[in-house]
Amino acid sequence: MKLNTRTFAFAVALGATVAANAQIQIYLGYADNATAAMNGVAVGTELKPVSKIGAVGSTFTVGVFIKNNGAKLTPGGGNTFLGFDTASTNNSSTGYASNAAAQTAGTAKKISLADAYVGSTGLDGFKTSDSSAASVDVQSGVTAAKFRGAQGSSTASMRSIGLNWGWGVGTGFAFNLDAGASLRVMTMVVTNKGIAAGDIFGDVATENGLTLNQDVAAGSAGTNYVGAGAQITYTSAGRKYALQAVPEPGTMIALGAALVGLAARRRKK
């Protein structure tokens, strides 16, 4: 979609979904310097309602960040769903047979995710069972990671599709999250497969963009957590981020030179 008044309406609606005063905020942030700089921010900043990305064929990275807005917390794990397209499907635990199958099922085919995410390492952590640990690593629940439909009814319907996975830091471990701190717990590579320069993917209801379907949480202790400490549990609302492809710098320079040459020729006539 071209940038228009619908984009403004989308941004307003997005802002309305942010939950105030939640102790734990889960968000999608810029995870590489080039894309962050393109958007005028630093790595770790939450994606803007409409984020600038490179041309078709280019890749960029996003990270799932956890921000603690309250007292010190020690999360042991959680669950995340990162959507990249829409399809008529359900949230079956079997999901799609592969990433390729999910991409084929998608209706827009504008962006794609890598086959798997990369977990963070060396987070400030401790072992609750017997001794302290200087750091801990985020680990994937490998068997639980599936390309599938977003949460909802078991009946097939048009919904976001993406990678759904459980994650943790190992049995008996949890990482420290100080008050006011923000940590990246995982990184995902995204490819621009078909967003032409100047176009936006995700600024209308029928386009998925990138969605983090579990984005605001509160810590809660219980028997169903992954590892030790509080589990990250989620609301079902989710958050949506649109993407706008921009021409590569070389293309802009060439276009500028062409326009200057055209203007010069017109002056000679």
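Here are five short exercises with worked solutions on this predicted model.

**Exercise 1. The overall picture**

Task: Find out how many helices and strands the protein has, and what share of its residues is buried.

Solution:
- Begin with the secondary structure, which comes to four helices and 18 strands.
- Next, look at burial: of the 269 residues in the protein, 43% are buried.
- Then turn to the surface, where about 12,500 Å² is accessible and 58% of that area belongs to carbon and sulfur atoms.
- Finish with the contacts: taking those with a separation of 6 or more, 77% join residues 24 or more positions apart.
- For one pair to look up yourself, try I26 and N68, whose C-alpha atoms are 9.0 Å apart although 42 residues separate them in sequence. I26 belongs to strand β1 and is buried, with a relative accessible area of 1%.

**Exercise 2. A covered strand and its partners**

Task: Work out which strands pair with β4, and where T211 fits in.

Solution:
- Locate β4 at residues 75-89; 13 of its 15 residues are buried, so the strand is mostly covered.
- Take the β11 side (residues 157-168), where twelve bridges hold the two strands in an antiparallel pairing. One of these matches A87 with R159 in β11.
- Now take β15, which also runs antiparallel to β4 and is joined to it by two bridges. Here G83 has T211 as its bridge partner.
- Zoom in on T211, a residue of β15 (210-212). Its relative accessible area is 9%, and the cut-off for buried is under 20%, so T211 counts as buried.
- Check its side chain, which makes a polar contact of 3.1 Å with the side chain of S160.
- Beyond its neighbours within four places in sequence, T211 touches several residues, including F81, L82, R239 and K240.

**Exercise 3. A three-stranded open sheet**

Task: Decide which strands of the β8-β7-β12 sheet stand at the edges.

Solution:
- Write down the order of this open sheet, β8-β7-β12, with antiparallel pairing.
- Count partners: β8 (135-136) and β12 (173-175) each have a single partner strand, so they are the edges, and one side of each lacks a neighbour in the sheet.
- Follow the β7 (residues 123-127) and β8 pairing, which is antiparallel and uses two bridges. Within it, D124 stands opposite S135 of β8.

**Exercise 4. A buried acid**

Task: Find what surrounds the buried side chain of D32.

Solution:
- Place D32 in the loop that links β1 (24-30) to α2 (33-38).
- Look for a salt bridge: D32 has none, since R184, the nearest side chain of opposite charge, is 7.9 Å away and the cut-off is 4 Å.
- Look for backbone partners instead. The D32 side chain reaches the backbone nitrogen of A34 at 3.3 Å, and a polar atom of that side chain lies 2.8 Å from the backbone nitrogen of T61.
- List the contacts, leaving out residues up to four places away: D32 touches V43, F60 and T61.

**Exercise 5. A positive phi**

Task: Say where K109 lies and whether it is buried, partly exposed or exposed.

Solution:
- Find K109 in the loop between α3 (99-105) and β5 (111-113).
- Read its phi, near 55 degrees, which is positive in a residue other than glycine. Most residues other than glycine have a negative phi.
- Classify its surface: the relative accessibility is 37%, so K109 is partly exposed.

How values were computed:
Residues are numbered from 1 along each chain as its sequence is written. This is a predicted model: local features need pLDDT of at least 70, side-chain atom pairs count only at pLDDT 80 or more; totals for chains, interfaces and linings use all residues. Side-chain values use heavy atoms; hydrogens and water are left out. Two strands pair if DSSP finds at least two bridges between them. Buried means under 20% relative accessible area, exposed over 50%, partly exposed in between (1.4 Å probe, protein chains only). Lys and Arg count as positive and Asp and Glu as negative; His and the chain ends are not counted. A polar contact is a pair of N or O atoms within 3.5 Å; within protein, one must be able to donate a hydrogen and the other to accept it, and residues adjacent in sequence count only if both atoms are side-chain atoms. Contact means heavy atoms within 4.5 Å. Accessible areas come from the Shrake-Rupley method with a 1.4 Å probe; for residues, only the protein chains shown count as cover.
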